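Grab a pencil and let's work through a protein together. Each exercise sets a small task, and a worked solution comes right after it.

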Amino acid sequence: MRSRLFTPGPTQIPEAVRLAAGATFPYHRGPAFKKLFQEVQDNLRYFFQTKQEVIVLTASGTGGMEACVCNLFSAGETVLVLAGGKFGERWAELGRAYGLQVVLMEVPWGQPVDYAALENLIKTTHHVSGVFCTHSETSTGSLTDVKRVAEIVRRHSEALFVVDGVTSVGVLPFHFDEWQIDACVSGSQKGAMAPPGLAFVALSERAWHKHSRSTLPRFYFDFTTARQAAQEQGTSWTPAITTIVSLAESLRRIQANSLEYYWSHYARLAASFRAGVQALGLAIFPKVPSNALTAVTVPSGVEGRALVSRLREGYGVTVAGGQGQLKGRIFRVTHMGDYDHLDQIGLMAALEMALAEAGWRLEWGAGLAAMQHAYHDSSSRQG
């Protein structure tokens with residue numbers, strides 16, 4: 001039985017990208033690597049839709065998040081965190097770990113952001129140095145309107161606007177410069193369709209100016225050190241060389257097809273999959289879902305963790321379960337990465353069988369038919 005990966009990170013990566021990792025890799029201080037790394041830096045600007053520099057760190061997305069906190073702020077500064085899930089809460093945890101005064105705007109998991117309440121909180125909180133937001137909340141499948149949040153922040157404060165774009169950049173429409181974002185973190189294992197191990201941080205000129213005055217301790221993650229190394233087409237420390245080689249291949253592919261192609265492709269996969277699960281009588285968990293992934297509420301009478309195990313062990317299909325307060329209550333299926341509609345047909349067939357085995361009454365083929373119709377209809381509209 002062949003295994004199929006449908007988790008929201010790591011995602012499935014193209015064969016050419018996997019093969020690139022197996023090639024002989026260059027010495028990271030030699031001319032071949034410098035040429036490759038310059039290409040990666042240039043293509044990351046396109047990936048983020050920015051003219052600014054993008055820092056590359058050998059770390060997970062959380063490492064990129066921590067780097068933003070310790071490079072852009074000073075102990076005692078007040079920051080506002082918009083948190084509607086596990087990764088939004090991570091911004092708050094990082095801020096507190098570095099001695100920041102964290103003002104938390106809690107959004108019930110799966111519920112939409114109250115933008116009027118956010119605007120009022122920013123207006124009434126004194127001396128806000130930073131606002132942190134998660135664009136696509138991986139733990140709930142929820143989407144936040146980052147452009148709208150940026151407009152609110154700009155209208156009412158001088159705060160830096162820092163975004164977790166780990167499951168949004170390369171997946172959803174995202175315009176770093178146009179939306180006036182100050183810092184955004186992403187990673188290699190999601191929309192970039194490369195192996196895990198790299199974090200990317202795009203930074204505005206405002207962010208670089210704030211960095212020059214930040215007094216928090218850092219060493220491995222220091223942006224100044226990373227910027228100086230990048231200007232010489234290198235990295236501060238020994239990087240994940242094979243991952244950078246794979247990333248270079250993936251970014252070429254993204255550039256050749258265009259970001260708009262992927263934005264549209266993931267939107268079609270998400271819409272058709274949701275039509276399928278709803279036809280089976282299942283509910284989509286978030287009120288405003290992200291096209292990066294779909295979080296589905298486990299139906300009454302079905303044990304969520306057992307359903308995830310049944311899919312993996314019985315059909316070779318790996319999806320993600322819920323995290324934190326959502327353990328056993330949802331399962332999460334990715335749409336980003338190297339997937340197409342035929343991959344989703346296999347997934348939906350396995351889901352129907354696993355649900356039936358778990359005792360959920362359904363009409364055989366209802367999910368498959370609804371998904372097929374939705375995908376076909378979206379194809380017709382595009383044509």
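Below are five exercises on this predicted model, with solutions that go step by step.

**Exercise 1. Get a feel for the whole chain.** Find out how many helices and strands the protein chain has, and how its radius of gyration sits against the globule rule.

Solution.
- Step 1: Start with the elements: there are 13 helices and 15 strands in the protein chain.
- Step 2: Now take the radius of gyration, which is 21 Å, close to the 21 Å that the globule rule gives for 383 residues, so the chain is as compact as a globular protein of that length.
- Step 3: For the outline, picture a box of roughly 60 × 55 × 40 Å along the principal axes, filled by the C-alpha atoms.
- Step 4: Finish with burial. With buried meaning under 20% relative accessible area, 57% of the 383 residues are buried.

**Exercise 2. Trace the open sheet.** Work out in which order its seven strands lie, and why one side of β2 and of β4 is left without a neighbour in the sheet.

Solution.
- Step 1: Read across the sheet: the order is β2-β10-β9-β8-β5-β3-β4, with mixed pairing.
- Step 2: Look at the edges. β2 (54-58) and β4 (101-106) stand there with a single partner strand each, so each has one side that no strand of the sheet covers.
- Step 3: Check the twist: on average, neighbouring strands of this sheet are turned by 20° against each other, direction ignored.
- Step 4: Recall the general picture: strands of a sheet pair through backbone hydrogen bonds, either parallel or antiparallel.
- Step 5: Zoom in on one pair. β3 and β5 (residues 128-134) run parallel and are joined by four bridges. Val79, for instance, has Gly130 in β5 as its bridge partner.

**Exercise 3. Explore the largest pocket.** Say what volume the largest pocket has and which element gives the most to its lining.

Solution.
- Step 1: The volume comes to about 270 Å³. Its lining has 19 residues, and the closest to the centre are Pro8, Phe87, Thr138, Gln189 and Lys190.
- Step 2: Both α3 (61-72) and α4 (86-97) supply at least two lining residues. The top contributor is α3, with three residues.
- Step 3: Sort the lining by class and you get five nonpolar, 10 polar and four charged residues.

**Exercise 4. Move on to the second largest pocket.** Find which residues lie closest to its centre, and how its lining divides by class.

Solution.
- Step 1: This pocket has a volume of about 190 Å³. Of its 20 lining residues, Gly84, Gln111, Val113, Ser142 and Thr144 are the closest to the centre.
- Step 2: Two strands, β3 (78-83) and β7 (142-143), each give at least two residues to the lining.
- Step 3: By class, the lining holds nine nonpolar, nine polar and two charged residues.

**Exercise 5. Look for enclosed space.** Find how many cavities of 30 Å³ or more the whole structure has, and which element gives the most to the lining of the largest cavity.

Solution.
- Step 1: The search finds one such cavity, and the largest cavity holds about 150 Å³ of space.
- Step 2: Its lining has 14 residues, with Val56, Leu57, Thr235, Ser236 and Trp237 the closest to its centre.
- Step 3: β2 and α8 (223-230) are the elements giving two or more residues to this lining. Of the elements, β2 gives the most, with four residues.
- Step 4: The cavity lining divides into nine nonpolar, five polar and no charged residues.

How values were computed: Residues are numbered from 1 along each chain as its sequence is written. This is a predicted model: local features need pLDDT of at least 70, side-chain atom pairs count only at pLDDT 80 or more; totals for chains, interfaces and linings use all residues. Side-chain values use heavy atoms; hydrogens and water are left out. On a 1 Å grid over the protein atoms alone, a cavity is a set of points where a 1.4 Å probe fits but cannot get out, and a pocket is an open set with protein on both sides within 12 Å along at least five of seven lines; lining residues have an atom within 4 Å of a point. Grid points are joined across faces, edges and corners, and a volume is the space filled by probe spheres set on the points. Ala, Val, Leu, Ile, Met, Phe, Trp, Tyr, Cys and Pro count as nonpolar, Asp, Glu, Lys and Arg as charged, and the others, Gly among them, as polar. Two strands pair if DSSP finds at least two bridges between them. Axes are lines fitted to C-alpha atoms, for helices over the stretch in contact, and angles run from 0 to 180 degrees between N-to-C directions. The radius of gyration is taken over C-alpha atoms; the globule rule is 2.2 Å times the number of residues to the power 0.38. Buried means under 20% relative accessible area, exposed over 50%, partly exposed in between (1.4 Å probe, protein chains only).
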